[in-house]
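Visitor: Got a minute to go over this structure with me?
Guide: Sure, let's put it on the screen.

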Amino acid sequence: MTATTPIETALRTAIRDIPDFPKPGIVFKDITPILSNGELFAQTVDALAEQLNKIDVDLIVGIESRGFLFGAALAYKLGLGFVPIRKKGKLPAKTVSREYALEYGTDVIEMHADAITTGHNVVVIDDLLATGGTAKATIELLQEAGATVAAVQFVVDLAFLGGVPVLKSVLPANTPIHALVTYA
Ligand code: AMP
């Protein structure tokens, strides 16, 4: 068992459980108290950057919408560009898209068709990993566009929902999948 780091302890304290949001039975992990605490927000972005210190990265790719908050700050800190992955119909220029399964029905994510150059090494970031469906679709969209996904990062992993194995199924072996806080 690995020791709990100070940032993990601070994040666990800050993240709020909101029961029955957005629908009955879901316990929503509210990360907004991280954002409103300037010191903790900076420490969180620093910790995300630290996880990438041995990885060759060209671009940070953030998933709508809370992945934008951490991803854009991380990109700024690392001096890298940022690419948004959005829900269908939000991006103005030509897009590439991928449909993925939800518990009931399907959803579609989109990326600007010219956002990625073949051979780019990218890091995917979102606030939270649940079942892994959204991040898996993002990884596949990036791979189809010719990128190499060099790492995947989350602030929170709801490990009991089994997202990491889902992501591993589409990533080369040994691709780092990091979370700052894991709920077993
Ligand atoms: P999934 O595709 O199941 O891994 O869901 C991941 C996406 O849904 C992320 O963008 C999360 O922000 C959001 N999400 C799913 N479950 C929760 C939860 N319990 N609390 C907060 N956000 C969640």
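Guide: We'll take the pocket, a pair of strands and one aspartate. Keep in mind that this is a predicted model.

Visitor: How much space lies in the largest pocket?
Guide: About 1,200 Å³.

Visitor: And which residues are closest to its centre?
Guide: Leu-102, Leu-128, Ala-130, Thr-131 and Thr-134, out of 37 that line the pocket.

Visitor: Which elements give two or more residues to that lining?
Guide: Five turn up: β2 (27-30), β5 (95-101), β7 (121-129), α5 (133-144) and β8 (148-158). The largest share is from α5, with six residues.

Visitor: What's the lining like by class?
Guide: It has 18 nonpolar residues, 13 charged and six polar.

Visitor: Switching to strands. In which sense do β8 and β9 pair, parallel or antiparallel?
Guide: Parallel, over six bridges. Strand β9 covers residues 177-183. Leu-158 stands opposite Tyr-183 of β9.

Visitor: How does the chain cross from β8 to β9?
Guide: Through helix α6, residues 163-168. The β-α-β crossover is right-handed.

Visitor: Now Asp-30. Where is its place?
Guide: In strand β2.

Visitor: Buried or exposed?
Guide: Asp-30 is buried. Its relative accessible area is 9%, and the cut-off for buried is under 20%.

Visitor: What does the Asp-30 side chain make a polar contact with?
Guide: The side chain of Thr-32, at 2.9 Å.

Note on methods:
Residues numbered from 1 in each chain as written. Predicted model: local features only at pLDDT ≥ 70, side-chain atom pairs only at ≥ 80, totals over all residues. Heavy atoms only, no water. 1 Å grid on protein atoms, 1.4 Å probe; cavity = no way out; pocket = protein on both sides within 12 Å on 5 of 7 lines; lining within 4 Å. Points joined across faces, edges and corners; volume = space filled by probe spheres on them. Helix = DSSP H or I, 4+ residues; strand = E, 2+ residues; numbered from the N terminus. Nonpolar A, V, L, I, M, F, W, Y, C, P; charged D, E, K, R; others polar. Pairing = 2+ DSSP bridges. Right-handed = clockwise from strand over helix to strand, strands pointing away. Buried < 20%, exposed > 50% of the residue type's maximum accessible area, 1.4 Å probe, protein only. Polar contact = N/O pair within 3.5 Å; in protein donor to acceptor, adjacent residues only side chain to side chain.
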